[in-house]
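Here are some short exercises to work through with the model open beside you. Try each task before you read its solution.

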Amino acid sequence: MSINRLTLPKVYDEAQDFMPLLGTDYVEIYVSNSKQAAHFYKTAFGFQELAYAGLETGLKDRESYVLYQDKIRLVLTSPLKSGTTIGQHIEAHGDGVKVVALWVPDAQIAYDEAISRGAKHYMTPTKEEDADGYVIRSGIYTYGETVHIFVERNHYNGIFLPGYTAWETAYKPIPTGLLYIDHMVGNVELGEMNTWVNFYKDVLGFAQIVSFDDKDISTDYTALMSKVMSNGNGRIKFPINEPADGKKKSQIEEYLDFYEGPGVQHIAVATNDIIKTVRELVSRGIEFLRVPDTYYDVVLDRVGEIDEDIAPLRELGILVDRDDEGYLLQIFTKPIEPRPTLFFEIIQRKGATSFGKGNFKALFEAIEREQELRGTL
Ligand code: FE2
């Protein structure tokens, strides 16, 4: 029996949910060079061109490129002048996730419900309109300077949001098989994990589905505590990490130091063929964390029979874990910006609904080798 089924209602009733969420709408990353970042996400990850807003569309202070791959939408935004809130965000945090936008049936109700339950205001419900209809957006803060924007788009037929124009160039690298966002993980300060677990419970109506304690996932030097929050229909999962005591600096502390506060640690994206996806990503220049080769000598003893041959998993460094419902395959990129902060996970679920706890020890040891090289352990 899975932990998920124990804690989530057996039959999800959207009418009973004060905060019905239809899915992740988009993720906006503030970057110092949106034009070059867009090229990177196209070339290396296989994202496709969707929309653009900037000087050519009448904006004076910023530009954004919107990319998509299957159900994933990424917005890459840079300031066009000094003294903007976007620029201040980049100055403080480096490139990082600013917005995790949630698709809602009603952005006014979502905002009112969240504020009445204690959320901190970010964006007053605002109607944005063009020839393709209208969108209403509102927003609240979550951990650090990260925000959730509620997007109501059932009266809109445009490509992305009002104000954006289609973006199309002659350069179209093919997709790499990324399908949707499986989960997004937040790192928060020591002692603050439960604050944010309660925030997702009380303000957004999420439930906790899995918990690891630090004994589960510590090495000699590093440790973390993690709780996974899920919305009612299970489409949105936000694990929250906090550092735990270790002999040396944990990867969560390293993140908090370099991000200068809490923020999104990784975006996990799903594929239906991880071997094909990862092989493609490697050929396009994405660098992944590697566990020692000995991991593969014993992995099948731990997880039992799997459909895949072990040889390509070993060759590419793909990890395997099993829970009560099946198994999963996963791999983690190295950080994708100068600071050791945000990275991506590629995940293929074959029944498993957990997050790869069995891999954490091997993984942490791999991260510690990287920290050693950075002199931050
Ligand atoms: Fe993950």
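**Exercise 1. Find where the predictor's confidence is low, and set it against the chain as a whole.**

Step 1: Residues 1–9 have pLDDT under 50 throughout, pLDDT being the predictor's confidence in each residue, from 0 to 100. For this stretch the model has 16 contacts beyond four places in sequence, a contact meaning heavy atoms within 4.5 Å.

Step 2: Where pLDDT is low, the predicted coordinates should not be read in detail.

Step 3: Over the chain, the mean pLDDT is 92, and 93% of residues reach 70 or more.

Two notes before you go on. This is a predicted model, in which local features need pLDDT of at least 70 and side-chain atom pairs count only at pLDDT 80 or more, while totals for chains, interfaces and linings use all residues. Residues are numbered from 1 along each chain as its sequence is written, and side-chain values use heavy atoms, with hydrogens and water left out.

**Exercise 2. Which residues coordinate the iron ion, and where do its two histidines lie?**

Step 1: Look for donors, which are N, O and S atoms within 2.8 Å of the metal (3.2 Å for Na, K and Ca); water is not among the atoms, so sites may look incomplete. His-183 (NE2), His-266 (NE2) and Glu-345 (OE) coordinate the iron ion at 2.0 to 2.2 Å.

Step 2: Read along the sequence, and the donor spacing is H-x82-H-x78-E. The histidine pair links distant parts of the chain, with His-183 in strand E10 (residues 180–187) and His-266 in strand E14 (residues 263–270), 83 residues apart. Strands (E, at least two residues) are DSSP runs, numbered from the N terminus.

Step 3: Check accessibility. His-183 is buried at 2% relative accessible area, where buried means under 20%, exposed over 50% and partly exposed in between (1.4 Å probe, protein chains only). His-266, at 8%, also counts as buried.

**Exercise 3. Describe how domain 1 and domain 2 meet.**

Step 1: Domain 1 covers 5–166 and domain 2 covers 178–374; such bounds come from an automatic or database domain assignment.

Step 2: In domain 1, 48 residues are in contact with 45 residues of domain 2.

Step 3: The two domains bury about 3700 Å² between them, 66% of it on carbon and sulfur atoms. Buried area is the accessible area (1.4 Å probe) that two parts lose on being put together, summed over both. Phe-45, His-93 and Tyr-143 supply 19% of the area that domain 1 buries against domain 2, more than any other three residues.

Methods: Helices (H or I, at least four residues) and strands (E, at least two) are DSSP runs, numbered from the N terminus.
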